[in-house]
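Work through the following exercises with the sequence and the model side by side, trying each task before reading its solution.

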Amino acid sequence: MIPWLDSTDPFPPVERALRDPNGLLAAGGDLSSARLLDAYRHGIFPWFGDDDPLLWWSPDPRMVLFVDELRVTRSLRRVIRSGRFTVTFDRAFRDVMLGCAAPRDGQDGTWITGEMMDAYVRLARRGIAHSVETWAGDRLVGGLYGVAIGRMFYGESMFTRQSDASKVALATLVRQLERWRFSMIDCQMATSHLASLGAREIPRSAFLERLAVLTAQPDIPGPWTPDADLYNDF
């Protein structure tokens with residue numbers, strides 16, 4: 001059994017999360033900015049569908065990408081350097097979320113509900129949630145969004161409408177975060193796609209230890225802008 005949270009109830013210790021399904025910790029509560037920030041600081045994130053109650057998770061192990069372990073293939077490096085895409089930060093947050101929420105092959109629905117979108121747009125307006133946009137001319141063809149606290153970035157979702165567009169967004173973000181002395185990106189759940197880019201699982205206890213150090217660092221104020229010479233890092 002998991003606890004049902006009222007609006008003022010604190011989260012239970014993450015060690016109480018279920019093993020099956022892995023990481024399910026609590027239900028209920030709300031998606032206020034204060035609640036979301038408290039969740040992220042404790043290694044907890046919301047994930048639920050339209051027909052579900054609000055569910056909170058903290059899986060063990062945890063999928064992360066260390067910024068110095070990003071895997072950039074030769075072909076992706078050529079795409080980045082070719083100028084085929086332009087990458088911006090924090091220019092079209094809601095549009096990126098809409099892209100991430102769009103139906104995908106093999107999926108019946110989306111966990112990015114209207115309630116979820118409104119909550120993260122509020123964080124974006126405060127400079128806490130951030131988007132990365134990949135453009136082909138004036139068309140948004142890929143991107144990702146997430147939350148930043150201190151020197152910790154929590155990746156939420158990514159999408160692509162053109163081959164390599166989301167990979168270019170991620171690679172650009174990682175290189176910029178490396179310059180800003182971020183060291184770890186939370187990827188939440190394990191996928192083969194993330195593993196192909198260098199992400200790996202670590203014990204939740206190790207994740208929380210690093211999290212405490214990184215979230216105690218000063219924030220990088222938003223809106224974010226990538227460095228003009230960032231592609232030199234590729």
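**Exercise 1. Which residue of strand 10 stands opposite Val-64?**

Solution. Val-64 stands opposite Asp-186 in strand 10, where strands (E, at least two residues) and helices (H or I, at least four) are DSSP runs numbered from the N terminus. This is a predicted model in which local features need pLDDT of at least 70 and side-chain atom pairs count only at pLDDT 80 or more, whereas totals for chains, interfaces and linings use all residues. Residues are numbered from 1 along each chain as its sequence is written, and side-chain values use heavy atoms, with hydrogens and water left out.

The next step is to widen the view from this contact of two residues to the strands themselves: strand 5 (residues 62-66) pairs with strand 10 in the antiparallel sense over 4 bridges, and two strands count as paired if DSSP finds at least two bridges between them. On the other hand, strand 9 and strand 10 run parallel and are joined by 3 bridges, with Ile-185 of strand 10 as the bridge partner of Phe-153. From strand 9 the chain crosses through helix 5 (residues 165-179) to strand 10, and this β-α-β crossover is right-handed, a term which says that, with the strands pointing away from the viewer, the path from the first strand over the helix to the second runs clockwise.

**Exercise 2. Work out how the residues of strand 10 are oriented, and decide whether they are buried or exposed.**

Solution. In a regular strand the side chains alternate between the two faces of the sheet. In strand 10, Met-184, Asp-186 and Gln-188 point one way, while Ile-185 and Cys-187 point the other way. Residues on either side are buried, that is, under 20% relative accessible area, as against over 50% for exposed and in between for partly exposed (1.4 Å probe, protein chains only). The count for the strand is therefore 5 buried residues of 5.

**Exercise 3. Place the strands in their sheet, and state which helices pack on that sheet.**

Solution. The sheet is open, with 7 strands in the order 6-7-8-9-10-5-11 and mixed pairing. Its edge strands, each pairing on one side only, are strand 6 (86-89) and strand 11 (200-202). Direction ignored, neighbouring strands are turned by 35° against each other on average.

Helix 3 (residues 93-101) packs on the sheet by touching strand 7 (129-136), strand 8 (139-149) and strand 9 (152-160), and its direction makes about 105° with that of strand 8. Touching here means heavy atoms within 4.5 Å, and the angles run from 0 to 180 degrees between N-to-C directions of axes, which are lines fitted to C-alpha atoms, for helices over the stretch in contact. Helix 7 (residues 204-215) also packs on the sheet, touching strand 5, strand 8, strand 9, strand 10 (184-188) and strand 11, and its direction makes about 110° with that of strand 9.

At the edge, strand 5 and strand 11 run antiparallel and are joined by 3 bridges, and Arg-62 has Ile-202 as its bridge partner in strand 11.

**Exercise 4. Why do the buried residues of helix 2 lie on the same side of it?**

Solution. The buried residues of helix 2 (residues 74-82) are Leu-76, Val-79 and Ile-80. They lie on the same side of helix 2 because they cover an arc of only 100° around its axis, the arc being that of the directions from the helix axis to the C-beta atoms. These residues pack against helix 5, whereas the face turned away from the buried side carries the exposed residues Arg-74, Arg-78 and Arg-81.

Helix 5 is itself mostly covered, with 12 of its 15 residues buried, among them Val-168, Leu-170 and Leu-173. Its end C-alpha atoms are 22 Å apart, which agrees with the 21 Å that its 15 residues should span at 1.5 Å a residue, the expected span being 1.5 Å times one less than the number of residues.

**Exercise 5. Which backbone features stand out in the loops around Pro-21, Asp-90 and Arg-181?**

Solution. Most residues other than glycine have a negative phi, and most peptide bonds are trans. Asp-20 and Pro-21 are joined by a cis peptide bond with omega of about 0°, in the loop between strand 1 (4-5) and strand 2 (24-28). Asp-90, in the loop between strand 6 and helix 3, has a positive phi near 55° and counts as partly exposed at 22% relative accessibility. Arg-181, in the loop between helix 5 and strand 10, has a positive phi near 70° and is exposed, with a relative accessible area of 72%.
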